[in-house]
Amino acid sequence: MKFTLAAIITLFSLFSYQQSYAQHQERMIRIAKIEVHPQYLEEYKSFLTEEIKASLTKEPGVLTLYAMHEKDEPYKISILEVYANTTAYETHIKTPHFLKYKTGTLKMIKSLELLDMSPIVFEDKSKFQNKTN
């Protein structure tokens with residue numbers, strides 16, 4: 001009985017790991033590097049904040065949006081974007097809140113570079129908080 005239970009737990013763990021790994025591999029990850037014309041920085045940040053809040057509250061496929069700027073050049077902005085999959089991303093860029101952001105900030109953007117990324121490791125602290133050494 002102990003052997004059977006141990007085998008079942010091991011198989012379940014392997015299946016869970018493979019499923020979790022597959023889900024991470026399916027995710028669409030992108031880094032957007034944006035340079036904003038300095039005179040529009042505050043207006044741009046307002047558009048960006050509104051768009052990120054709407055995306056995270058209204059779209060289940062938008063998993064993470066982290067916007068940050070360089071300390072010495074705050075008009076150079078990077079956004080880490082994580083979507084459940086490419087379908088979630090394609091849905092996202094057609095939403096009214098994204099289109100409002102995109103059209104509303106066109107004149108504010110000096111340059112835009114989109115870098116598609118592949119996951120290596122996805123971890124967050126919550127996974128390790130309840131573990132004892």
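**Stop 1: Ile 77**

Select Ile 77 in this predicted model and show whatever lies around it. Leaving out residues up to four places away in sequence, Ile 77 touches Ala 32, Lys 33, Ile 34, Val 36, Leu 41, Tyr 44, Leu 48, Met 68 and His 69. Keep His 69 highlighted for a second: its bridge partner in β3 is Ile 77.

Now widen the selection to the largest nonpolar core, which has 18 residues. Which of its members touch the most other members? They are Ile 34, Tyr 44, Leu 48, Ile 77, Ile 79 and Tyr 83. So where does this core come from? Colour β1 (28-36), α2 (41-58), β2 (62-69), β3 (76-83), α3 (86-92) and α4 (96-104), since these are the elements that give two or more residues to it.

**Stop 2: zoom out**

Switch to cartoon view and take in the whole thing. You should be able to find five helices and four strands. Follow the chain along the sequence and you'll go through α-β-α-β-β-α-α-β-α. The protein has 133 residues, and buried ones make up 26% of them. If you turn on a surface, about 9800 Å² is exposed, with carbon and sulfur atoms supplying 59% of that.

One more thing to keep in mind while you spin the model: take the contacts between residues at least 6 apart in sequence, and 72% of them join residues at least 24 apart.

**Stop 3: the sheet**

Hide the helices and keep the strands. In what order do the four strands sit in the open sheet? Going across, you meet β2-β3-β1-β4, and the pairing is antiparallel. The edges are β2 and β4 (109-117), each of which pairs on one side only. On average, neighbouring strands here are turned by 15° against each other, ignoring direction. A bit of background: strands in a sheet pair through backbone hydrogen bonds, and the pairing can be parallel or antiparallel.

Walk across the sheet one pair at a time:

- Start with β2 and β3, an antiparallel pair joined by seven bridges. A hairpin of six residues takes you from β2 to β3.
- Next, pick β1 and β3, which run antiparallel and share eight bridges. Click on Arg 30 and look across to Glu 81, its bridge partner in β3. Then try Met 28, whose partner in β3 is Tyr 83.
- Finish with β1 and β4, also antiparallel, with eight bridges. Val 36 stands opposite Ile 109 in β4, while Ile 34 has Leu 112 as its bridge partner in β4.

Before you leave, stay on β1. How many of its nine residues are buried? The count is seven, so this strand is mostly covered.

**Stop 4: the helix across the sheet**

Bring the helices back and select α2. This helix lies across β1, β2, β3 and β4. Turn the view until you can compare α2 with β2: α2 runs at about 165° to that strand.

**Stop 5: His 92**

Jump to His 92, in helix α3. Is it buried or exposed? His 92 has a relative accessible area of 2%, and because anything under 20% counts as buried, His 92 is buried.

Show its side chain and that of Glu 59: the two make a polar contact at 2.9 Å. Then display the rest of the surroundings. Apart from neighbours within four places in sequence, His 92 is in contact with Glu 51, Ser 55, Glu 59, Val 62, Tyr 83 and Phe 98. You've met Tyr 83 before, as one of the core residues that touch the most other members.

**Stop 6: Lys 100**

Last selection: Lys 100, in helix α4. This time the relative accessibility is 41%, which falls between 20% and 50%, so Lys 100 counts as partly exposed.

What does Lys 100 contact beyond its neighbours within four places in sequence? Highlight Phe 47 and Glu 50 and you have both. Try a distance label between the C-alpha atoms of Lys 100 and Phe 47: these residues are 53 apart along the chain, yet the atoms are separated by 8.3 Å.

Definitions and conventions
Residues are numbered from 1 along each chain as its sequence is written. This is a predicted model: local features need pLDDT of at least 70, side-chain atom pairs count only at pLDDT 80 or more; totals for chains, interfaces and linings use all residues. Side-chain values use heavy atoms; hydrogens and water are left out. A nonpolar core is a set of buried Ala, Val, Leu, Ile, Met, Phe, Trp, Tyr and Cys residues joined through side-chain atoms within 4.5 Å. Buried means under 20% relative accessible area, exposed over 50%, partly exposed in between (1.4 Å probe, protein chains only). Contact means heavy atoms within 4.5 Å. A polar contact is a pair of N or O atoms within 3.5 Å; within protein, one must be able to donate a hydrogen and the other to accept it, and residues adjacent in sequence count only if both atoms are side-chain atoms. Two strands pair if DSSP finds at least two bridges between them. Axes are lines fitted to C-alpha atoms, for helices over the stretch in contact, and angles run from 0 to 180 degrees between N-to-C directions. Accessible areas come from the Shrake-Rupley method with a 1.4 Å probe; for residues, only the protein chains shown count as cover.
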